[in-house]
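Here's a quick briefing to read alongside the sequence and the 3D view. Take a look at the picture, then work through the notes below.

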Amino acid sequence: MKKCHSKYDAIKHLNDLYEDYHQDQKMILTHEVIIEPYVQGREYCIEFFDGICVGVLQKFKQDGDEFFERGYTSELNLEPIYIKPVIQKVSDIINKLGLDWGPVHVDSIINEHGYHIIEINPRIAGSFICQLVHDAYQFDIVTALLNKLSDKPYCIPAKMQLSALAYVNFILLSDPITWEITETSLLENEQINVICGQQYSQERNRRAFIYTLLKHDGRAKDLT
């Protein structure tokens with residue numbers, strides 16, 4: 001994915017994708033591309049299970065034209081009055097599409113003009129998103145899916161409540177080498193958990209992660 005500033009940029013990127021397609025057809029399963037308008041604003045991941053919203057996260061991207069993930073956080077920087085209508089609209093769309101079985105991952109950009117859906121994907125999310133939803137919203141997407149596939153019982157909370165601050169930051173290949181993380185480390189006490197380790201991915205421009213959880217104090221913010 002790349003932001004193109006001119007017709008020349010777009011043609012060059014298409015040629016690069018064409019070369020990638022012919023070099024690695026096992027990983028790239030289609031020769032088709034999608035061209036979308038660029039939308040400015042904050043990006044949010046909205047996670048659903050069985051048609052019910054189970055978590056919302058703010059997504060951060062590296063500056064530049066390639067949209068590499070910089071991290072995710074349960075700190076939304078949005079009041080519930082703004083996020084609730086988006087959740088309801090996206091929920092209506094998902095149910096109309098018949099995507100009310102198991103996990104659905106939605107990317108949406110919210111700005112002063114409203115919200116813009118970037119992606120609706122009936123799949124389990126990566127990049128620590130499931131762990132963030134588990135820690136911040138107290139819903140285990142992975143276990144629920146495994147139970148569903150095994151015909152075992154599972155429970156979706158009646159209300160989606162944000163009960164902890166959890167966030168993950170990624171160290172990118174393009175970051176200063178002094179930010180190198182060579183081994184897994186863990187810091188834990190009664191208030192905070194911090195874990196860091198290597199997570200190398202050339203495709204995502206990523207070499208490490210830092211995951212932080214500030215434990216909840218019993219109070220929760222109702223986002224439903």
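Let's start with Asp 107, which lies in strand E4, residues 103-111. Asp 107 is buried, with a relative accessible area of 5%. Keep in mind that this is a predicted model. The protein as a whole has four helices and 11 strands.

**Around Asp 107**

- Leaving out residues up to four places away in sequence, Asp 107 touches Glu 43, Tyr 44, Cys 45, Lys 59, His 116, Ile 117, Ile 118 and Glu 119.
- Asp 107 and Val 56 sit 51 residues apart in sequence, and their C-alpha atoms are 9.9 Å apart in space.

**The overall picture**

- How does the radius of gyration match up with a compact globule? For 224 residues such a globule would have a value near 17 Å, and the protein has 19 Å, which agrees.
- Measured out along the principal axes, the C-alpha trace spans about 55 × 45 × 40 Å.
- Buried residues make up 37% of the 224 residues.
- Take the contacts with a separation of 6 or more: 63% of them are between residues 24 or more positions apart.
- The accessible surface comes to about 13900 Å², and carbon and sulfur atoms account for 54% of that.
- On the charge side, there are 22 positive and 32 negative side chains. The centres of these two sets lie 3 Å apart.

**Phe 170 and its company**

- Phe 170 belongs to strand E7, residues 165-172.
- Is Phe 170 buried or exposed? Phe 170 is buried, at a relative accessible area of 1%.
- Not counting residues up to four places away in sequence, the residues Phe 170 touches include Glu 69, Arg 70, Gly 71, Tyr 72, Ser 127 and Phe 128. Asp 175, Gln 199, Arg 206, Ala 208 and Phe 209 are also among them.
- Phe 209 is 39 residues from Phe 170 in sequence, yet the two C-alpha atoms are 4.4 Å apart.

**Helix H3 and what follows**

- Seven of the nine residues of helix H3 (residues 129-137) are buried, so this helix is largely enclosed by the rest of the structure.
- The buried residues in H3 are Ile 129, Cys 130, Leu 132, Val 133, Asp 135, Ala 136 and Tyr 137.
- Right after H3 comes Gln 138, which has a positive phi near 60 degrees.
- Gln 138 is in the loop between H3 and helix H4 (141-149), and is partly exposed with a relative accessible area of 45%.

**Another positive phi**

- Asp 50 isn't a glycine, but its phi is positive, at about 55 degrees.
- You'll find Asp 50 in the loop between strand E1 (42-49) and strand E2 (52-61).
- Asp 50 has a relative accessible area of 19%, which is under the 20% cut-off, so Asp 50 counts as buried.

**Cysteines**

- How many disulfides turn up in a search of the whole structure? The search finds zero.
- Why is Cys 155 without a partner? The closest cysteine sulfur, in Cys 53, is 16 Å from the sulfur of Cys 155, and that is too far for a bond.
- Cys 155 counts as exposed, at 64% relative accessibility.
- Cys 4 is partly exposed, with a relative accessible area of 32%.

**Two more spots to look up**

- Leu 78 has its place in the loop between strand E3 (69-73) and helix H2 (80-96).
- Setting aside neighbours within four places in sequence, Leu 78 is in contact with Tyr 44, Ile 83 and Ile 110.
- Leu 78 and Ile 110 are 32 residues apart along the chain, with 9.8 Å between their C-alpha atoms.
- Asn 193 is found in strand E9, residues 192-201.
- With neighbours within four places in sequence left aside, Asn 193 is in contact with Leu 187, Glu 188, Tyr 211, Thr 212, Leu 213 and Lys 215.
- Asn 193 and Ala 10 are 183 residues apart along the chain, and 43 Å separates their C-alpha atoms.

How values were computed. Residues numbered from 1 in each chain as written. Predicted model: local features only at pLDDT ≥ 70, side-chain atom pairs only at ≥ 80, totals over all residues. Heavy atoms only, no water. Helix = DSSP H or I, 4+ residues; strand = E, 2+ residues; numbered from the N terminus. Rg over C-alpha atoms; globule rule 2.2 N^0.38 Å. Buried < 20%, exposed > 50% of the residue type's maximum accessible area, 1.4 Å probe, protein only. Contact = heavy atoms within 4.5 Å. Areas by Shrake-Rupley, 256 points an atom, 1.4 Å probe, with all protein chains shown as cover. Lys, Arg positive; Asp, Glu negative; His and termini not counted. Charge placed at Lys NZ, Arg CZ, Asp CG, Glu CD. Disulfide = S-S within 2.5 Å.
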